[in-house]
Amino acid sequence: MFKMAEDLPLPKLAWDPSSESYSKNPHRKRVRLSSPPISSDPVIFSSDDDPSADNYHSQERRKKRFRGPWYRQRPASDEGSQDTHEHEKKGKRKLERQFDSGVFMGSDGTDMDEFMEEIEPGPASLPLRQSRITQTEKAAPTPEELAQGQIQRCLEDGNESIDLSYISLKVNLSKLTRCTRSRGLTTLSNATIRPLATFTRVPPVTEGVFTRLEPKLKIFLASNQLTTLPGELFNLDRLVALSLRGNQLRELPPSIGKLSNLKELNLSQNGLRYLPYEILELFSDTSRLNSLHLHPNLFHEPQFPHSEEDVKEEEKVVYRIGLGNRARQSPRRGAICAVSPDQRRRSWHTQWKITYQARTEVRFLDINGTLVKGPTFPVNTLDSNSSHNKIAVADVNDYPEPPTSRDRLSRAPSLLEGALAACAKSPQLPFIADFLPEHSPSSLHELLVKAAEKKESGGSKCTICARGFIIPRTEWIEWWEIAKVLETNSTASAASPLRQMENERDVLEKMVPLMRRGCSWMCVPEKLNVAGD
């Protein structure tokens, strides 16, 4: 029914003249095996694009239109003189590199040297390698980096004495003198001191003898410019000697009371106005403190109320060299007559006499640390005038009363205190101030700085309820008599062991001011007990 549009043509049959008919299988011509078969298509080379190349064809041979090699060709219609001249040149071929072809013709030793001589260095030449002499030198190490290196050497050698006071510059063997200079330490981080917690003592080589390998560290930081101390320094429970003489310390961290194995402590020649109340732990019956140097310093002195009896007593004071103590014979009014309840609950070491003397009125502070009620303490400056260091002593019957407030008194921390305590636990504490808005009060920045300082120094605890805090809410100064008991007459004395006598200055030096702080307005000192009651 359907007819294809175009029918495929049938193959044509070959005509056979012998049979005068069309044959399907025509006779094929025999081909000799020696001759290769004729290709149906002419051979085509990749050089057909080049006009100098002749296409190969088996049936026809055409005349060349170009002469010469493929990389340097010229028309074949040139005069014969040119061919003759070319044959003359063929006697000695000059080898050279053709830059357009990318093929180097000739030996490497002959033409390369000539080619490199022809190239002249231009402005775009490669830069030469700098010598080691012209390289920038390393920056000089900081004093703290030098201290870290010495601590590392002491750890490797097992040296228990770590002297960070001076640097030895030159030793003159002929005169037996040593040239030294101060290290100039201004800061000392926790990372520098922390490796000393893993200090291991090198055992002595003794056959058949067992020795205890408990290290006895001695750290000397004298004659530097330190203003603060790291908290890791007071975590070294094997520290037996600590020298902080000749620095610029204004306050010691309360964590100094954790050095229970300390035997020698030197705090002289600083700008200390008071010591932390926790330092009394070094004089307990389990402590080992044997040597203590506190003076000279700018300690606050107590100013007792004057009376007629005091004036008459001052006129009767007589000092005679070599006859012992001729200081005040009767107790000061309102001072020695009072006994602190904390003194009765403590037990002191037998070689120290620790006695409560007096205290100031209590200062009450708000949540930002601003004074609300109480006396004003002198500013902590380098003024050595003793009149600026005196603070009035509170009456023996004084009982601190907090300022009137609408809120009910409680020991619970404020919301700001809780926020600062949470920030102190974060490792990003030094960078939190950068995230505060621009319109935030400046007091927040100062409080964050205080929180960072508290964290670096080991923190603070309330001296009444032992709760940690960052911003104190109450503070007051107590004077305690701290004197070494002499073995000759079994009496306490603040004088030098060589002199073994006291003068008026020795009596004042025995009065050591201790700062006490509380975490709430309810953390105040208890009522004093008058002697004889």
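Which residue just after helix 9 takes a positive phi? G458 does, at about 105°, and the views below start from the whole chain and come back to that spot. This is a predicted model, where local features need pLDDT of at least 70, side-chain atom pairs count only at pLDDT 80 or more, and totals for chains, interfaces and linings use all residues. Residues are numbered from 1 along each chain as its sequence is written, and side-chain values use heavy atoms, with hydrogens and water left out.

**View 1. The whole protein, with its 10 helices and 26 strands.** Helices (H or I, at least four residues) and strands (E, at least two) are DSSP runs, numbered from the N terminus. Of the 533 residues, 31% count as buried; buried means under 20% relative accessible area, exposed over 50% and partly exposed in between, with a 1.4 Å probe and protein chains only. About 37,000 Å² is exposed, and carbon and sulfur atoms supply 53% of that area. The areas come from the Shrake-Rupley method with a 1.4 Å probe; for residues, only the protein chains shown count as cover. Take the contacts (heavy atoms within 4.5 Å) with a separation of 6 or more: residues 24 or more positions apart account for 63% of them.

**View 2. Strand 23, residues 474-485, and its pairing partners.** This strand is mostly covered, with 10 of its 12 residues buried. Two strands pair here if DSSP finds at least two bridges between them. Strand 25 (residues 511-518) lines up antiparallel with strand 23 over eight bridges, and T474 stands opposite G518. Strand 17 (residues 352-359) is also antiparallel to strand 23, over seven bridges; A358 has W479 as its bridge partner. Strand 18 (residues 363-365) runs antiparallel to strand 23 too, joined by two bridges, and R363 is partnered with E475.

**View 3. Strand 11, residues 239-243, in a parallel arrangement.** Five of its five residues are buried. Strand 10 (residues 217-220) runs parallel to strand 11, with four bridges joining them, and F220 stands opposite S243. Strand 12 (residues 264-266) pairs with strand 11 in the parallel sense as well, over three bridges. Here A241 has E264 as its bridge partner.

**View 4. Helix 9, residues 442-457, and what it packs on.** The helix has 16 residues and reaches 23 Å from its first C-alpha to its last, close to the 22 Å expected at 1.5 Å a residue; the expected span is 1.5 Å times one less than the number of residues. Its buried residues are L447, L448, A451 and S457. The buried residues of helix 9 pack against helix 7 (415-425) and helix 8 (429-432). Just past the helix sits G458, with its positive phi of about 105°.

**View 5. The largest pocket, about 1,200 Å³.** Pockets and cavities are found on a 1 Å grid over the protein atoms alone: a cavity is a set of points where a 1.4 Å probe fits but cannot get out, a pocket is an open set with protein on both sides within 12 Å along at least five of seven lines, and lining residues have an atom within 4 Å of a point. Grid points are joined across faces, edges and corners, and a volume is the space filled by probe spheres set on the points. Of the 39 residues that line the largest pocket, the closest to its centre are E251, Y274, E453, K454 and R517. Helix 9 gives the largest share of the lining, seven residues. Strand 18, helix 9 and strand 25 each supply at least two.

**View 6. The largest cavity, about 110 Å³.** Of its 16 lining residues, the closest to the centre are P254, P276, E278, M515 and R517. The structure holds two cavities of 30 Å³ or more. In the largest cavity, strand 25 provides the largest share of the lining, three residues. Strand 13 (275-276), strand 21 (460-461) and strand 25 each supply at least two residues.

**View 7. L294, in the loop between strand 14 (291-293) and strand 15 (301-303).** L294 counts as buried because its relative accessible area is 7%. Leaving aside its neighbours within four places in sequence, L294 is in contact with L267, S268, L275, F299 and V512. L294 and L267 are 27 residues apart in sequence, yet 5.1 Å apart in space, C-alpha to C-alpha.
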